[in-house]
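Student: I should like a close look at a single part of this model, namely the surroundings of the bound ligand. Please describe that site in a connected account, and then set it in the context of the whole chain.

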Amino acid sequence: MPDSCDAASAAKERIIEGLPLRSTHHIGIDFGTTNTSIAGLMPDGSLQLAGFPFLGQLTAAYRSLLYFEQAPGKAGGLPSTFCWTGPAGIEHYLAADSRGRLIQSLKSFLTTRNLEGTQIFERKRTIEELIGRILSDVRLEASRQFGLDIRHATVGRPVHFVGADSVADDNYAEDRLADAFSLAGFDTIAFELEPVAAAYQYETTLDHDELILIGDFGGGTSDFSLVNVGPSIRRRGRTDADLVGNAGVGLAGDAFDAQIVRHLVSPALGSKTWYRSMDKRLPMPAWPYAGLERWHQLSFLKTNEVIEQLEVIKAQALEPQMIDALIYLIKYELGYQLHQSVQKLKNALSSAEEAEFEFVDGELVIREIVKRADFEDWIARELGSIARCVDGLLTSTRVAPADVDAVFLTGGTSLVPAVRGIFESRFGAGKIRTGNEFVSVALGLALRAGAH
Ligand SMILES: Nc1ncnc2c1ncn2[C@@H]1O[C@H](COP(=O)(O)OP(=O)(O)OP(=O)(O)O)[C@@H](O)[C@H]1O
Ligand SMILES: [Mg+2]
């Protein structure tokens, strides 16, 4: 039986009934791990971004999340399930007395073959349905704003999806993403690599040709393309040879957040403490903290069994107040709030040499000053993987750093100074170009759509 959470519900479709159907592909959609944006290339050649209200402001970055809540049925009837996506999802989650399910970073699950979906209250929902629900809301709102019934789009995909070990994995993830678009009411879509899309956007700023390296760092993936761009290339018509090479690695901002949890939050919740079992002294098990690192899965930890196990450990713990804090966090599903604190610290460290981590909820207080240098130590392994990926691209394409005219860094995670540092040290600070961190891919996809 369809409920209000189906990807394309008839009631929502009515919002855009009667709008003209545009047969041309002039819409670009960047479905990101963290944020989704949608841009249109207008008939007068201008680019327009859909804006979404959030906390009294308009933002082009629609959070790629869903929130489900269940209300008891009237007079003993079946309960009803409600869901919201994007900013409305966050608002309802924060306003709820007893929390439902908040689901995020869905794009990172597309390669996981044994994860078809997840049980949400009494119904199992596939990953495609969940993504489709987000895309449907974005499509309908953008249709309303642009004044056209959006059914076709050029959509982005990373060079390699999170967790992809082979071309087959990437194809599998792309097929699932295409299915999600179809469930969301799209008739046709064309895929373009996200960094290549960003190159299209960057190209509009140029009055001469360049060989550019694009680095797009998001929530889930870091993607690179080496592309020849510029006015004369556009005039003569682009060829396959203009795309010199691509590379990508399935880690970015979410992986940085996990390291902040591992090094700062988990120790405050007892990860490095001990408990007594019989006459032995044992270290705290790792599993509750692994769940915390994938913070958006925190709600999966909240089962009676987990709480009971932790209560038993707490009774024997050498520092029971820390385990108590961990139980509190899980019981009250404070994953979103915790992650907000993590992101606030990370963002602050992008512009300051040190910043305070602060998480306060009732009696649970975690406060710590963190130096940027410490954060950089915590993410050293991830930075190494990113650097190796860039070097690998240069080697495989036989392009020397001196041959690259400019490096365009985009995506939210490109704001991390250590990420920029990887490029400054290889190409020189003078070659680095930045801007449009959250929308360059969507804008480029719309330009690409216009070029079809
Ligand atoms: N000021 C900042 N400093 C550091 N990181 C930031 C900053 N602002 C946002 N981020 C991070 O940027 C990421 C989101 O960036 P973006 O919107 O480009 O990703 P996405 O497109 O959703 O993901 P992907 O491209 O991997 O699918 C998040 O991890 C967020 O924490
Ligand atoms: Mg992105």
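Tutor: The shell around ligand 1 comprises 22 residues, of which Thr33, Thr34, Asn35, Lys107 and Ser350 come nearest. The model is a predicted one, and the description should be read accordingly.

Two of these nearest residues also make polar contacts through their side chains. An N or O atom in the side chain of Lys107 is 2.7 Å from an oxygen atom of ligand 1. Ser350 places a polar side-chain atom 2.7 Å from a nitrogen atom of the ligand. A further contact involves the backbone: an N or O atom of the main chain of Gly412 lies 2.9 Å from an oxygen atom of ligand 1. Ligand 1 taken alone exposes 660 Å², and the protein buries 92% of that area.

In composition, the shell has 15 polar residues, four nonpolar and three charged. Its largest contribution comes from helix 12, residues 335–351, which supplies four residues. Two domains take part: domain 1 (10–186) and domain 2 (208–435) each provide at least three residues to the shell.

The context is a protein of 16 helices and 22 strands. Its C-alpha trace spans about 75 × 60 × 40 Å along the principal axes. The radius of gyration is 23 Å, which agrees with the value near 22 Å that a compact globule of 452 residues would have. Of those 452 residues, 54% count as buried.

Some individual positions elsewhere in the chain may be added. Pro53 belongs to strand 4, residues 52–54, and counts as exposed because its relative accessibility is 57%, where the threshold is over 50%. Its C-alpha atom is separated by 7.3 Å from that of Pro87, although the two residues are 34 apart along the chain. Leu55 lies in the loop between strand 4 and strand 5 (57–59). The phi angle of Leu55 is near 45°, a positive value in a residue other than glycine, and Leu55 counts as exposed at 63% relative accessibility.

Arg398 likewise has a positive phi, near 55°, and is a residue other than glycine. Arg398 occupies the loop between helix 14 (380–397) and strand 21 (406–410), and with a relative accessible area of 77% it is exposed.

Key: Residues are numbered from 1 along each chain as its sequence is written. Chains are lettered from A and ligands numbered from 1 in the order in which they are written. This is a predicted model: local features need pLDDT of at least 70, side-chain atom pairs count only at pLDDT 80 or more; totals for chains, interfaces and linings use all residues. Side-chain values use heavy atoms; hydrogens and water are left out. A residue is near a molecule or strand if one of its heavy atoms lies within 4 Å of it. A polar contact is a pair of N or O atoms within 3.5 Å; within protein, one must be able to donate a hydrogen and the other to accept it, and residues adjacent in sequence count only if both atoms are side-chain atoms. Accessible areas come from the Shrake-Rupley method with a 1.4 Å probe; for residues, only the protein chains shown count as cover. Helices (H or I, at least four residues) and strands (E, at least two) are DSSP runs, numbered from the N terminus. Ala, Val, Leu, Ile, Met, Phe, Trp, Tyr, Cys and Pro count as nonpolar, Asp, Glu, Lys and Arg as charged, and the others, Gly among them, as polar. Domain bounds come from an automatic or database domain assignment. The radius of gyration is taken over C-alpha atoms; the globule rule is 2.2 Å times the number of residues to the power 0.38. Buried means under 20% relative accessible area, exposed over 50%, partly exposed in between (1.4 Å probe, protein chains only).
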